[in-house]
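Good morning, colleagues. Please look at the model on the screen while I go through its chain contact, one strand and its packing.

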Amino acid sequence: MNSVIFLTIVLLALSSYFFGRKKAILIQSNKRLTALPKFYGYYLAIWCGAPAFLLYALWSIFEPSIVRFFILSDYSSQGLLEGELNLFYEKVKSLSRNQYSGELTAELQRSAEKYLNFRDIAKWSKVVIVLSLLIASTGYAYTKISNNTKTREPVEIFLKGVFFLSSLAAILTTIGIIFSLLFQTIEFFQVIPLFDFVFGMHWYPAKAFVRDASEALDPSMYSDTFGAVPIFAGTFFIALIAMCVAIPIGLLSGIYMAEYASKRLRQYAKPVIEILAGIPTVVYGFFAALTVGPFLKDLGLSLGLEVSAESALAAGGVMGIMIIPFISSLSDDVITSVPQNLRDGSYAMGATKSETIKRVIIPAALPGIVGSILLGVSRAIGETMIVVMASGLAANLTLNPLESTSTITAQIVVILIGDQQFGDPKTQAAFALGLSLFIVTLVLNIVALSVVKKYREKYE
Amino acid sequence: MNKIEAKNVDVYYGAKQALFDINMDIEANKVTALIGPSGCGKSTFLRCLNRMNDVIDICKVSGVVKINDYDINQKDTDVVRLREKVGMIFQKPNPFPKTIYENISYGPEIHGIAQSKSEMDNIVEESLRKAALWEEVKDRIHEPGTGLSGGQQQRLCIARTISIKPEVILMDEPCSALDPIATAQIEELIDELRKEHTIIIVTHSMSQAARVSQNTGFFHLGKLIEVGSTDKIFKNPTQQQTQDYITGRFG
């Protein structure tokens, strides 16, 4: 039913475009219009579609709670708890769908009938009211169309509103996510002291297994459990290994592509590098876990070194390979966009190609290059799959790349896989980690922007 | 005495021929102006003189270009040494994204001219003085060269070029992006520079050619139509086409 109403609104709005335009064209035959006929069409289409759609959307949002209110109003005087009312209402709904298998009471039956009744009324009145609003607003706008109706301005205002709402939606969701992280994190820190989280040296979330509710609020349960130092250290350590692989290779290959490679080679090689960026991280993950990890272990054995099969080196190295195409492709782009006249200027001074690249092109492209590197770093810090698969889940505090270590993202996965319940510090720890991760990447982005800005001031 | 002698120079961009059999001699310590309508090949010819056409993949140059009696189009010519001797100023000022000081010190550094910091300081100051820019920038030589005005930027590029004491300076419409006052300053500078350098300037402005040059070559459709002293070209050209262009009948 809903989709039928929606389609009807869309179709009517589309056809009213043609009516509006046609009327304008008729007027045009003896009077001068203030706008092109198509604006009259848009004008009528907006008047036809927008109010009806708005009402339809609002109705759909509020209908369920209004129906619920009417059904439950019969029982409001009985002093039931909120939870009991919810349960009752769920029973009513499943009975009305004939999916109820519990005990039938007269109350339940009566309410289910009432519910069905209400839904029916709501459904038909929605159709009638939405369509009559549509007809009314279209008719109003249609009669208003004359040679000097202002149509261009309302259309522009409407479009401006659409753009504004789109950006508002993006911003509001972001804010919503941040707040949900924030609230859970605050609850987490009411049980676990912030100091223990930030400076604690032990991370064993499995220890915080709560058997009953009385235990959940006992802080002694959680001492030496949620110390985030090992996983922060692991995160930065693995990211560092990744960047040690990605920055030199990515940057040099970007420079090669931009400055040295022939047009033909570039034409084929560049898409190949970009395909590399499209490989799902889970594929890199099992490459790291099944190929690189065991290879490093065997190599270590033959050299007499003890290498864990799930080493930070394997995860970081493969992560670095994953990031190469980002840095290479982006720095290629920024280097290519350095104006040719700077190169000419340098060559005309008798500089060689490598001198020109080192002393003129790289400095000119530096803001973009720094930007691409920092983008790579945020990816390395936020990367999950490779770490989960290749670097193990035990949060060791180590600086030995041959041992296994864990990261923030991997620990969030560990915590949220399997059974978990809300309000449990173990679950909330995931939110605290998520928020920390968010803050780290935010700071990184701010630093990146300011670095880029500083160099841009210097170089432009 | 002829500084540069071009003989039978042909230039192709891919399949399209841009210059046809150019023969031209250029005198030392004089300003030679190359004039002609857009697309006539005057800039292409200029770029043959320091092999800047090498930078363009599809560009092919044949013929002989002798500088100091040495053919620069030979296979084993060291273009780094060539461009050290033959500097170039471009249409749009192109200071490097570095400080004013670093812009000037770039050339001496890559060619290993200065042995010490104080020697470098001297080169920078001397170059800026010769480019008539020193008084304007002496208090801010460690600020970005890109922060200067268009005319100052172009003089910075001239200072950068003369820092390595080239024998020849090629100028490709050096004033086309500048206002009249900046243009006048550059023209004055060109006359000054002629004492130590041989200058070849491509220009769209015939009045500029008349003001700054001693010799003029007129190009049309990839051919050198006429070359001679500026006085003669402007007052008494032998070719009808030159006459027409000078008097503004086309171009």
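The contact between the two chains takes 22 residues from chain B and 18 residues from chain A; two residues are in contact if their C-beta atoms, placed from the backbone, lie within 7 Å. I should say at once that this is a predicted model, in which local features need pLDDT of at least 70, side-chain atom pairs count only at pLDDT 80 or more, and totals for chains, interfaces and linings use all residues. Residues are numbered from 1 along each chain as its sequence is written, while chains are lettered from A and ligands numbered from 1 in the order in which they are written.

On the side of chain B that touches chain A, the elements giving two or more residues are α2 (79–85), β6 (86–89) and α3 (100–110) of chain B. Helices (H or I, at least four residues) and strands (E, at least two) are DSSP runs, numbered from the N terminus. The residues on this side of chain B divide into 11 nonpolar, 6 polar and 5 charged. Here Ala, Val, Leu, Ile, Met, Phe, Trp, Tyr, Cys and Pro count as nonpolar, Asp, Glu, Lys and Arg as charged, and the others, Gly among them, as polar.

I turn now to strand β8 of chain B, residues 198–202. Why is β8(B) described as largely enclosed by the rest of the structure? The reason is that 5 of its 5 residues are buried, that is, 20 or more other C-beta atoms lie within 10 Å of their own. T198(B), I200(B) and V202(B) point one way, and I199(B) and I201(B) the other way. In a regular strand the side chains alternate between the two faces of the sheet.

Strands pair if DSSP finds at least two bridges between them. Strand β3 (residues 31–35) of chain B runs parallel to β8(B) and is joined to it by 4 bridges, with T32(B) partnering I200(B). Strand β7 (residues 168–172) of chain B, also parallel to β8(B), is joined to it by 5 bridges, one partner pair being V168(B) and T198(B).

Finally, the packing. The largest nonpolar core, a set of buried Ala, Val, Leu, Ile, Met, Phe, Trp, Tyr and Cys residues joined through C-beta atoms within 7 Å, has 121 residues. Its largest share, 15 residues, comes from helix α11 (residues 312–336) of chain A. A288(A) is among the residues with the most contacts inside this core; leaving aside neighbours within four places in sequence, its contacts include A315(A), V318(A) and I386(A).

How values were computed:
A residue is buried if 20 or more other C-beta atoms lie within 10 Å of its own, exposed if 12 or fewer, and partly exposed in between; C-beta atoms are placed from the backbone.
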